[in-house]
Number of protein chains: 2
Amino acid sequence: MSAVACPAVVMGRDEALRGDARFDVVGIGNALVDVIAQAPDSFIEEHGLVKGWMDLIDTERAVQLYQALGSAVEMSGGSAANTMCGIASFGGAAAYLGKVSNDELGRVFGHDLLAVGVQFRPGVHVDEVPTGRCIIVVTPDAERTMNTYLGASSLYCATDVDDAAVAAGRVLYMEGYLFDRPEAKAAFRHAAAVAHDAGRMVSLTLSDSFCVDRHRDDFLSLVADDVDLLFGNEAELLALYQTDSFDAAVAELRRHCPLAAITIGAKGSIIIDGDAVIQVPPVPVRKVIDTTGAGDLYAAGFLYGLTSARPLEECGQLGSIAAAEVISHVGPRPLVELKSLV
Amino acid sequence: MSAVACPAVVMGRDEALRGDARFDVVGIGNALVDVIAQAPDSFIEEHGLVKGWMDLIDTERAVQLYQALGSAVEMSGGSAANTMCGIASFGGAAAYLGKVSNDELGRVFGHDLLAVGVQFRPGVHVDEVPTGRCIIVVTPDAERTMNTYLGASSLYCATDVDDAAVAAGRVLYMEGYLFDRPEAKAAFRHAAAVAHDAGRMVSLTLSDSFCVDRHRDDFLSLVADDVDLLFGNEAELLALYQTDSFDAAVAELRRHCPLAAITIGAKGSIIIDGDAVIQVPPVPVRKVIDTTGAGDLYAAGFLYGLTSARPLEECGQLGSIAAAEVISHVGPRPLVELKSLV
């Protein structure tokens, strides 16, 4: 099935976005609590980390890294969860689907969603595996290097999907990070089918070029079959289409996906809307403190704009505003109400 | 027994501070993880809180307040633990005695001490009660209002005291907050005896004027019998001596305690050294963000100065430097190495 056969596209983007809906956006992702600490560049080298990337780690490695790490701060994170909080902070209605354990960090995660008005649908109860966490090392250049112990979040599967919530959201937003297990892929396919059956739009963020490398064929078929709106950065897009040429990647993307918003670091973002390309400048930041959440919050601004019927260029600008706020402080979620910045 | 009979005073302050010691300071207090959230002034009123104070809360109240609270950040806290981290940040050697549970927050608490080089002696293992936490509401005026669920921390008792650690520290530092239970009072008396037997100095912080009100007689006798150095703020000192006159309180204090460092908010601090009084100006802060930890870090600077054989005026200045750092950001512990600010 090609993208042009997607129900949302058949009925038209505007129709999909305009219908009655309880939620503007429903997100699915790895439910993680971030453990954030500053560290010198030498920490990255000593522990064999790759700066700027996300690495999946097991319990033993998590314990070892945490022991080596300086004093840390715990904050709820998780890529799609950060995005949903951003949407709520703009004034949008968001729900989040992801798995935590029945432990203290699981309660912290749930609290921090509800506290900003995001509905949390955790799926089937988990006891035996702890809530996932992401050890984030922030170096003096403000770059974040992530080490994720997935824990309970990796148990998310198709039967955890709250079909009613997905059907009640104008846009489904899926986080590529979750894609590392077959059960999660099945959950994505199921959620996308539910959304499309309800005439909704389906979006995906590629999340990480290593993750794209690990699961390229599955990502390619998901994008071609089910995705109406793709988020990603330049590196992820190049990884998806295995090319060094951004233009070649964009040409491929156009064949498979009707709409995409691609961030290009400090240069802002570009929106690819069929044959049209819209350049969106970044919002300047006095001092970049911690880039964690930049892409997540860009997506939040874009999705809030889209579901509040704004032109695509304005959607991109809202993305730039939200990303600028989150990189100007430690932590992956906004510290001020984003609606106050519009 | 009056203060002049204290071993540390008999042998002289310099002698007590100069001897061989593994630790500069050994602290005892409530081991708590802080749950910090910004909230408007209306939150304080709606929930019947008293701005700027610490209130002890039970499980039910903790659940209710946390539910009402916005998105929060978790960071290790605890008054005396913050002080020990400050001493380590100046380059001093510190140990901490306090009780946590065998749970995730307990591990976070222990990690964050070790990560900055503070030795942690948690006493007898606890399973059945969760690690204590302090829900801190920060209002737009940067004032913090604290609601403490003591949990495991309140189980600290005399048999938990690591006598060898106490005897190995030049100064014992005790947090008045812990004083709310008879077992903790016994632990303080025991620790003070161990310290004095080893020729060490004993210090106490009054912590909170409500706590002083609740246990005035016990505080008065502890100060008179065992305390060589008293920390507190103006309100706490007035509460201790039940007077509205600062001069009258200072006159009383002089009769009972040979040395005291009293903070007076934005006006800095005064050091009362027998008949002498030293005024210490504050260090200006561009913007006060969160006053949590101000008193704790003042004590850290003072104690670091004292145990590194500096004149009292300089001890007070180090206190002002550390307090200024901690109130210029969210969280109760320094974000930069305090030794870099000296």
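Which residue is the bridge partner of Val73(A) in S4(B)? The bridge partner is Met75(B). Strands here are DSSP runs of E with at least two residues, helices are runs of H or I with at least four residues, and both are numbered from the N terminus. The model is predicted: local features need pLDDT of at least 70, side-chain atom pairs count only at pLDDT 80 or more, and totals for chains, interfaces and linings use all residues. Residues are numbered from 1 along each chain as its sequence is written, while chains are lettered from A and ligands numbered from 1 in the order in which they are written.

The pair Val73(A) and Met75(B) belongs to a junction between the two chains. S4(A) and S4(B), the latter spanning residues 73-76, run antiparallel and are joined by 2 bridges. Two strands pair if DSSP finds at least two bridges between them. Within this junction, Glu74(A) stands opposite Glu74(B).

The junction lies within an open sheet of 10 strands. Its order is S3(A)-S8(A)-S7(A)-S2(A)-S4(A)-S4(B)-S2(B)-S7(B)-S8(B)-S3(B), with mixed pairing. The edges are strand S3 (54-56) of chain A and strand S3 (54-56) of chain B, each of which pairs on one side only. Neighbouring strands of this sheet are turned by 25 degrees against each other on average, direction ignored. Angles run from 0 to 180 degrees between N-to-C directions; axes are lines fitted to C-alpha atoms, for helices over the stretch in contact.

The contact between the chains takes 17 residues from chain A and 17 residues from chain B. Two residues count as in contact if their C-beta atoms, placed from the backbone, lie within 7 Å. On the side of chain A, strand S4 (73-76) and helix H6 (104-114) are the elements that give two or more residues. H6(A) gives the most, with 5 residues. This side of chain A divides into 9 nonpolar, 3 polar and 5 charged residues. Nonpolar covers Ala, Val, Leu, Ile, Met, Phe, Trp, Tyr, Cys and Pro; charged covers Asp, Glu, Lys and Arg; the others, Gly among them, count as polar.

Chain A can be laid on chain B with an RMSD of 0.0 Å, by a turn of 180 degrees and a shift of 0.0 Å along the axis. The two copies are thus related as by a two-fold rotation axis. In chain A, the C-alpha nearest the axis is that of Glu74(A), 2.5 Å from it. Superposition is by least squares on the C-alpha atoms of residues with pLDDT of at least 70 in both copies. Of the interface residues of chain A, 100% are also interface residues in chain B, so the copies meet through the same surface.

Chain A holds 14 helices and 14 strands. Its C-alpha atoms fill a box of roughly 55 × 40 × 40 Å, taken along the principal axes.

A further open sheet, of 9 strands, is found in chain A. The order is S6-S5-S1-S9-S10-S11-S12-S13-S14, and the pairing is mixed. Strand S6 (119-121) and strand S14 (276-280) are the edge strands. Neighbouring strands are turned by 20 degrees against each other on average, direction ignored. Helix H5 (residues 79-90) of chain A packs on the sheet, touching strands S1 (23-28), S5 (94-97), S9 (169-175) and S10 (201-205). The direction of H5 makes about 165 degrees with that of S1(A). Helix H8 (residues 182-197) of chain A also packs on the sheet, where S1, S9 and S10 are touched. The direction of H8 makes about 165 degrees with that of S9(A). Elsewhere in this sheet, S12 (residues 259-263) and S13 (residues 269-273) of chain A run antiparallel, joined by 5 bridges. Ile262(A) has Ile270(A) as its bridge partner in S13(A).
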